[in-house]
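Could you walk me through this model in the viewer? I would like to know what to select next and what is there.

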Amino acid sequence: MQKRLGLPCWLCGHDIDPTLDPRDPWSWTLDHAVPLSRGGRLLDPTNARSAHRRCNSARGNRLTIPQPRASRRW
């Protein structure tokens with residue numbers, strides 16, 4: 001259901017191309033806002049989010065989303 005909605009990646013905010021090969025780093029994956037290993041519920045639709053495979057993997061099982069670092073150059 002999530003994939004058909006065409007929502008952007010909840011981690012980076014960029015669009016996800018649904019036609020990409022599932023092994024592509026920028027392909028669609030289902031991410032859980034609260035990771036299953038941290039008590040998130042597998043079948044809870046409010047826990048499901050659209051994400052790029054790359055963004056989902058980088059987040060791992062952390063509960064927070066890494067914030068972009070500010071540049072030290074002004």
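**Starting on strand 1**

Select T29 to begin; this residue sits in strand 1. Keep in mind as you look around that the model is predicted.

Is T29 buried or exposed? T29 counts as buried because its relative accessibility is 9%, under the 20% cut-off.

Now show what surrounds T29. Setting aside residues within four places in sequence, T29 has contacts with R49, S50, A51, H52, R53 and N56. Pick N56 from that group and display both side chains: those of T29 and N56 are joined by a polar contact of 3.1 Å.

**One step along**

Next, select L30, which belongs to strand 1, spanning residues 28-32. With a relative accessibility of 37%, L30 counts as partly exposed.

Which residues does L30 contact, leaving aside neighbours within four places in sequence? They are Q2, A48, R49 and N56. You have met N56 already, as a contact of T29.

For a distance to try in the viewer, draw a line between the C-alpha atoms of L30 and H52: they are 8.4 Å apart in space, with their positions 22 residues apart in sequence.

**On to the core**

Finally, select C9, L11, I16, A51 and C55 together; these 5 residues form the largest nonpolar core. A51 may look familiar, since T29 is in contact with this residue.

End on C55. Not counting residues up to four places away in sequence, C55 touches C9, L11 and C12. Of these, C9 and L11 are listed in the core alongside C55.

Conventions
Residues numbered from 1 in each chain as written. Predicted model: local features only at pLDDT ≥ 70, side-chain atom pairs only at ≥ 80, totals over all residues. Heavy atoms only, no water. Helix = DSSP H or I, 4+ residues; strand = E, 2+ residues; numbered from the N terminus. Buried < 20%, exposed > 50% of the residue type's maximum accessible area, 1.4 Å probe, protein only. Contact = heavy atoms within 4.5 Å. Core = buried A, V, L, I, M, F, W, Y, C linked by side-chain atoms within 4.5 Å. Polar contact = N/O pair within 3.5 Å; in protein donor to acceptor, adjacent residues only side chain to side chain.
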